[in-house]
Amino acid sequence: MAKSIHHTFFFAHSPEVVWEYLTNAELIGQWLMKNNFQPILGYDFTFNAKPIPSMDLDGIFYCKVLEIVPFKKLCYSWKGGPGEGKITLNTIVTWKLEEKDGGVQLDLKQSGFGQLEHVTVFAAMTGGWLKNVQKINDLINAAKS
């Protein structure tokens with residue numbers, strides 16, 4: 001019973017501008033979470049949030065850059081759990097950018113939700129991605145004004 005989150009967004013901006021918000025650690029921190037991301041193949045990094053005990057997550061997400069094609073595709077693992085090295089969530093996040101209609105179409109897929117205990121995490125992340133990715137557009141527009 002594998003489940004995936006899939007969202008498509010459109011930004012009236014160039015792929016290069018949107019890419020910067022997906023690959024610059026400081027900018028990622030403005031719309032998603034604190035992190036130490038670097039756009040380097042094989043790079044291990046973490047996202048850091050407040051613990052979410054109700055979802056059995058300690059707030060530290062362990063990630064690794066799996067694929068990077070500048071301005072077109074970014075893929076990384078996304079793992080988390082209750083702490084002490086225990087991983088109960090093991091997913092893959094893939095971003096694809098495609099120039100379209102004077103802007104960029106951004107496709108997001110997070111795959112690997114298969115266990116019954118992930119139902120709550122899946123639901124929270126589905127809505128969370130919608131809310132957080134909208135912040136990218138808001139931040140770009142604010143920076144341009």
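The questions and answers below concern the largest pocket and one helix packing in a predicted model. Residues are numbered from 1 along each chain as its sequence is written, and local features need pLDDT of at least 70, with side-chain atom pairs counted only at pLDDT 80 or more, while totals for linings use all residues. Side-chain values use heavy atoms, leaving out hydrogens and water.

Me: Which helix gives the largest share of the lining of the largest pocket?
Reply: Lining residues have an atom within 4 Å of a point of the pocket, which is an open set on a 1 Å grid, where a 1.4 Å probe fits, with protein on both sides within 12 Å along at least five of seven lines. There are 17 such residues, with Met33, Ile52, Met125, Gly128 and Asn132 nearest the centre. The largest share, 8 residues spanning no other element than a DSSP run of H or I with at least four residues, comes from helix α3.

Me: How are α1 and α3 oriented to each other?
Reply: Helix α1 (residues 15-23) packs against α3 with axes, lines fitted to C-alpha atoms over the stretch in contact, 11 Å apart. The angle between their N-to-C directions, on a scale from 0 to 180 degrees, is about 120°. Angles under 35 degrees count as roughly parallel, over 145 as roughly antiparallel, 65 to 115 as roughly perpendicular and the rest as oblique, so α1 is to α3 oblique.

Note on methods
Helices (H or I, at least four residues) and strands (E, at least two) are DSSP runs, numbered from the N terminus.
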